[in-house]
Amino acid sequence: MTAALRAPVLRVSGILSAAVLLAAVSLTGCGGGDGDGGAGVDGRGGRSATEAAAQDDFGCLTSEEARAASLTFKSADGTETGAYVPGGASGGGTDAGIVLAHQSDGTACQWKDRADELHQAGYRVLAVNSAGQEVSEIVGAAGYLRGKGAKKLLLMGASKGGTAVLTAAPVIRPQPDAVIALSAPTVYSSMNALDAVPKLAAPVLYMAAEYDESFGEDAKALNEASTKASEHKLIYIRGAGEHGVALLDSVENWATVQAFLKKYGS
């Protein structure tokens, strides 16, 4: 199935117009830039975030976990977005922050186990519970983590979430320190990662399975288009068909992802 055929079944639009993204600068704080003179979003002043406890269980949290680790932050367009944040608003993590973006068939729960593991490894983790404005949500989540003191910023998304982090990354100022996309289609709804990745200077890791419909070929195309990235790496898993977060059920694949995060998040 091609990306073009997948798009019509979507329920929501993912990317904001350029005008809305530029307006988001005033909501999340102006960035320091990365030398290309473009407008973007930094968020180190923390103005993008609210700390109202959402206490949403997202379908998987216990009531205690929801009280401690469910909160809302402001997306780049100013709307409140839910998130699972191990350690809560005031705790957890040190210098490196990780934004996690889920698939179209999931919620923040899709990342819970990995989010907990990454938190235990010392990262400040925010798993977005998407309401459908994916790029705005990723930009706002980046601002939230930087506003909490994260000196390094890492983005990781699966399937639709992979397209979202790839599309959002060049908008964020300064750009993230690294991006990981698992089974990301080149195009999802109005998000076009194939147009975005040539502008991405950050190192990027792509991972996809050979027998996962057209996602393996999409990963190849995205990797080839990442000409500006300081490192672009493709893990193409032959003989497999796992999709998105399911790729990380493999001990070897998860170890590869963790090594990439450590390389650029330390």
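Author: Welcome! Helices are DSSP runs of H or I with at least four residues, strands are DSSP runs of E with at least two, and both are numbered from the N terminus. This is a predicted model, in which local features need pLDDT of at least 70 and side-chain atom pairs count only at pLDDT 80 or more, while totals for chains, interfaces and linings use all residues. Residues are numbered from 1 along each chain as its sequence is written, and side-chain values use heavy atoms, with hydrogens and water left out.

Reader: How many helices and strands does the protein have?
Author: Counting runs as just described, there are two totals to give. The protein has 10 strands, and its helices number nine.

Reader: Where is Gly244 found?
Author: Two elements frame this glycine: strand 10, residues 232-237, and helix 9, residues 251-265. Gly244 belongs to neither, being found in the loop between strand 10 and helix 9.

Reader: Is Gly244 buried or exposed?
Author: A residue is buried under 20% relative accessible area, exposed over 50%, and partly exposed in between, using a 1.4 Å probe and protein chains only. Gly244 has a relative accessible area of 0%, so it counts as buried.

Reader: Which residues is Gly244 in contact with, leaving aside its neighbours within four places in sequence?
Author: Contact means heavy atoms within 4.5 Å. C-alpha distances tell of another residue too: Gly157 is 87 residues from Gly244 in sequence, and the two are 8.2 Å apart in space. With those sequence neighbours set aside, the contacts of Gly244 are Gln103, Ala158, Leu182 and Ser183.

Reader: Which residues are buried in helix 9?
Author: Helix 9 has 15 residues, and its end C-alpha atoms are 20 Å apart, which agrees with the 21 Å expected at 1.5 Å a residue. That expected span is 1.5 Å times one less than the number of residues. The buried residues of helix 9 are Asn253, Trp254, Val257, Phe260, Leu261, Tyr264 and Gly265.

Reader: Within what arc do the buried residues of helix 9 fall?
Author: The arc is that of the directions from the helix axis to the C-beta atoms. On the other side of helix 9, Val251, Glu252, Lys262 and Lys263 are exposed. Elements covering the buried residues include strand 3, helix 4 and strand 10. Those buried residues line one face of helix 9 because, seen down its axis, they fall within an arc of 125°.

Reader: Which residue forms a salt bridge with Lys263?
Author: A salt bridge is a side-chain nitrogen of Lys or Arg within 4 Å of a carboxyl oxygen of Asp or Glu. Lys263 is exposed, at 53% relative accessible area. Its salt bridge has an N to O distance of 3.1 Å, and the partner is Glu231.

Reader: How many residues apart in sequence are the parts tied together by Glu134 and Lys160?
Author: Both residues are buried, Glu134 at 3% relative accessibility and Lys160 at 7%. Glu134 forms a salt bridge with Lys160, the closest N and O atoms being 3.1 Å apart. Glu134 lies in helix 5 and Lys160 in helix 6, so the parts tied together are separated in sequence by 26 residues.

Reader: What separates Glu117 and Arg114 in helix 4?
Author: Glu117 and Arg114 form a salt bridge, with their closest N and O atoms 3.5 Å apart. Glu117 is partly exposed at 31%, whereas Arg114 is buried at 19%. Because they are three residues apart in helix 4, what separates them is about one helical turn.

Reader: Is the disulfide of Cys60 and Cys109 left-handed or right-handed?
Author: A disulfide is a pair of cysteine sulfur atoms within 2.5 Å, and those of Cys60 and Cys109 are 2.1 Å apart. The pair links distant parts of the chain, 49 residues apart. The torsion about the S-S bond is about -95°, so this disulfide is left-handed.

Reader: What is the omega of the cis peptide bond that joins Arg173 and Pro174?
Author: Pro174 is found in the loop between helix 6 and strand 6. The bond joining Arg173 to Pro174 is cis, with an omega of about -15°.

Reader: What is the phi of Ser159?
Author: Ser159 sits in the loop between strand 5 and helix 6, and it is buried at 7% relative accessibility. Although Ser159 is not a glycine, its phi is positive, at about 55°.
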